[in-house]
Amino acid sequence: KEYENIKTERDGRVAIVTLNRPKALNALNAALMKELNEALREFDADNEVGAIVLTGSEKAFAAGADIKEMKDNNFVQNFKNNFLGGWADITTIRKPIIAAVNGFALGGGCEVAMMCDIIYAGDKAKFGQPEIKLGTIPGAGGTQRLTQAVGKAKAMDLVLTGNMISAEEALQSGLVAKVFPADQLVAEAVKSAKTIASYSLPIVMMAKEAVNKSFELTLSEGLHLERRFFQASFGTKDQKEGMAAFSEKRAPNFTHE
Ligand code: HXC
């Protein structure tokens with residue numbers, strides 16, 4: 001499908017979504033977010049897709065929410081329209097999303113990356129929550145998901161100073177899973193996405209949901225959910241196939257059932 005602000009492509013069971021507003025460093029305006037949510041929902045519903053890669057350009061993953069678009073908003077408009085509320089749609093996608101971040105991931109750009117399940121960074125990537133410099137604060141997880149990812153010390157430093165951190169610092173602080181040379185980043189993300197997409201889709205979806213629930217539940221509730229999902233996994237054909245293949249010393253052939 002053709003979009004104005006994003007590009008989509010398929011590589012086997014992997015869907016790749018590329019943010020594509022180069023003139024504005026992929027600033028996330030309403031039109032782009034609408035297209036992004038539409039594309040993600042479509043891939044989530046597509047049986048032939050097992051994992052999604054979300055990326056931008058080498059210069060910018062996304063330089064934040066679109067400042068020019070929002071600058072004249074007032075409180076009542078923001079409140080009545082629940083401004084930015086729709087961004088959370090990304091977190092309702094049930095298939096894994098790998099964010100492949102080259103260049104700037106600032107403000108809402110960093111927040112969108114953090115809504116994904118895994119962040120891989122190119123070695124020149126820069127992460128930050130610079131909203132404080134604009135007279136506002138992060139509005140889509142920059143005070144919450146960031147703190148969960150990196151802890152209070154780093155989160156406060158980023159949110160209160162508005163300073164950016166490098167890919168290396170983001171790796172050390174647990175914000176990103178891996179760092180690759182910038183020109184290999186997307187290929188590496190697609191490679192991992194292909195690995196994930198080769199596994200049983202319902203089982204992958206259970207694994208994602210269980211990890212995400214760890215942020216919402218107490219330990220005993222989380223362990224309970226995990227054990228029930230684990231037990232339920234034995235109701236799939238793919239569990240039978242996976243364990244039979246191991247016993248027979250052959251590769252499994254998952255059918256996502
Ligand atoms: C609108 C933006 C933009 C943004 C960049 N541009 N970021 N437009 N919203 N967030 C536009 C610039 O205006 C410029 O357009 C073009 O993109 C290129 O940007 P430059 O500034 O010329 O590039 P450079 O000098 O390389 O600097 C890159 C940069 C800088 C450091 C990333 O653009 C920057 O500081 N951007 C703003 C980053 C930011 O504050 N993000 C947080 C936004 S608030 P023209 O037309 O002049 O060529 C936010 C709130 C989140 O995200 C709340 C929850 C979602």
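Q: How far does a backbone N or O atom of G108 lie from an oxygen atom of the ligand?
A: Let's start at the ligand, in a model that is predicted. A polar contact is a pair of N or O atoms within 3.5 Å (within protein, one must be able to donate a hydrogen and the other to accept it, and residues adjacent in sequence count only if both atoms are side-chain atoms). For G108 and that oxygen atom, the distance is 2.8 Å.

Q: Which residue offers a polar backbone atom to a nitrogen atom of the ligand?
A: K59 uses its side chain, with a polar atom 2.8 Å from an oxygen atom of the ligand. For the nitrogen atom, a polar backbone atom lies 2.9 Å away, and its residue is I67.

Q: How much of the ligand's accessible area does the protein cover?
A: Accessible areas come from the Shrake-Rupley method with a 1.4 Å probe (for residues, only the protein chains shown count as cover). On its own, the ligand has 1000 Å² of such area, and the protein's share of cover is 66%.

Q: Which element gives the largest share of the shell around the ligand?
A: Helices (H or I, at least four residues) and strands (E, at least two) are DSSP runs, numbered from the N terminus. Those giving two or more residues to the shell are α2 (67-70), β6 (104-106) and α4 (108-115). The largest share, three residues, belongs to α2.

Q: How many residues of the shell around the ligand are nonpolar?
A: Ala, Val, Leu, Ile, Met, Phe, Trp, Tyr, Cys and Pro count as nonpolar, Asp, Glu, Lys and Arg as charged, and the others, Gly among them, as polar. The shell has six charged and four polar residues, and its nonpolar count is 14.

Q: Which strands are the edges of the open sheet of six?
A: Two strands pair if DSSP finds at least two bridges between them. The order here is β1-β2-β3-β5-β7-β10, with mixed pairing. Pairing on one side only marks the edge strands, β1 (6-11) and β10 (178-180).

Q: Which residue of β2 stands opposite I6?
A: β1 and β2 (residues 14-19) pair in the antiparallel sense over six bridges. Across from I6, in β2, stands L19.

Q: What is the bridge partner of A62 in β6?
A: A second open sheet has four strands in the order β4-β6-β8-β9. Its strands β4 and β6 run parallel and are joined by two bridges. The partner of A62 in β6 is A105.

Q: What is the average pLDDT of the protein chain?
A: Residues are numbered from 1 along each chain as its sequence is written, and side-chain values use heavy atoms, leaving out hydrogens and water. Local features need pLDDT (the predictor's confidence in each residue, from 0 to 100) of at least 70 and side-chain atom pairs count only at 80 or more, while totals for chains, interfaces and linings use all residues. Here 100% of the residues score at least 70, and the average is 97.
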